[in-house]
Amino acid sequence: MSSRPLSPIGKAFAVAAFIEANDRFHIALAEASGVPRLVSHITSYLEESGRIFYMGAVARDIAPETQGDHQDIVDAIRQRDAERARIAVTAHCENTRRGLL
């Protein structure tokens, strides 16, 4: 089975689905903190940065890198390793910044 490139519309839907999943991931982490103000800030940040994130995701496939970063964060949290989680979140922020700007 050959892999055909996505049409522009297909790519737009794929990027939109990726961004929606990314937003859900970050909001779920904030909700797990039990800090409503953090949830509000994360939600607001995601809404305000959505356009630049979309443009960056269209320009370059960041899904594999982002999914790896997210898995590192989840693994650290599951192991209750706060330092490893901090390092994973910091690396994710830097990877995102580099990938989008």
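This is a short tour of the structure, stop by stop, with a suggestion of what to select at each one.

**Before you start**

The model is predicted, with local features needing pLDDT of at least 70, side-chain atom pairs counting only at pLDDT 80 or more, and totals for chains, interfaces and linings using all residues. Residues are numbered from 1 along each chain as its sequence is written, and side-chain values use heavy atoms, leaving out hydrogens and water.

**Stop 1: the largest pocket**

Select His 26, Ile 42, Tyr 45, His 92 and Cys 93. Of the 25 residues that line the largest pocket, these are the closest to its centre. The pocket holds about 630 Å³ of space. Here a pocket is an open set of points on a 1 Å grid over the protein atoms alone, with protein on both sides within 12 Å along at least five of seven lines; a lining residue has an atom within 4 Å of a point. Points are joined across faces, edges and corners, and the volume is the space filled by probe spheres set on them.

Now colour the helices. Two or more lining residues come from each of H1 (8-32), H2 (36-59), H3 (63-78) and H4 (82-100). These helices are DSSP runs (H or I, at least four residues), numbered from the N terminus. Which helix gives the most to the lining of this pocket? H2 does, with eight residues.

By residue type, the pocket lining has 16 nonpolar, seven polar and two charged members. In this count Ala, Val, Leu, Ile, Met, Phe, Trp, Tyr, Cys and Pro are nonpolar, Asp, Glu, Lys and Arg are charged, and the others, Gly among them, are polar.

**Stop 2: the largest cavity**

Next, select Phe 53, Ile 62, Glu 65, Thr 66, Asp 69, His 92, Asn 95, Thr 96 and Gly 99, which line the largest cavity. H3 and H4 are the elements that give two or more residues to this lining, and the largest share, four residues, belongs to H4. A cavity is a set of grid points where a 1.4 Å probe fits but cannot get out. The search of the whole structure turns up one cavity of 30 Å³ or more, and the volume of the largest cavity is about 50 Å³. Its lining divides into two nonpolar, five polar and two charged residues.

**Stop 3: salt bridges along the helices**

Show side chains now. Five salt bridges are found in the whole structure, each a side-chain nitrogen of Lys or Arg within 4 Å of a carboxyl oxygen of Asp or Glu.

Begin in helix H1 with Glu 20 and Arg 24, whose side chains meet in a salt bridge (3.0 Å, N to O). The two residues are four apart in the helix, so about one helical turn separates them. Glu 20 is partly exposed, at a relative accessible area of 48%. Partly exposed lies between buried (under 20% relative accessible area) and exposed (over 50%), using a 1.4 Å probe and protein chains only.

Move to helix H4 and select Glu 83 and Arg 86. Their closest N and O atoms are 2.6 Å apart in a salt bridge. Being three residues apart in H4, they are separated by about one helical turn. Arg 86 is partly exposed at 44%, and Glu 83 is partly exposed at 42%.

Further along H4, Arg 97 forms a salt bridge with Glu 94, with the closest N and O atoms 2.5 Å apart. Add Arg 98 to the selection: Glu 94, Arg 97 and Arg 98 are linked in a network of salt bridges.

**Stop 4: the loop between H3 and H4**

Select Arg 80, in the loop between H3 and H4. Most residues other than glycine have a negative phi. Arg 80 is not a glycine, yet its phi is positive, about 55°. Is this residue buried or exposed? Arg 80 is exposed, with a relative accessible area of 78%.

**Stop 5: two helices meet in space**

Select Phe 25, which sits in helix H1 and counts as buried at 16% relative accessibility. Add His 70: the pair is 45 residues apart in sequence, while their C-alpha atoms are 8.1 Å apart in space.
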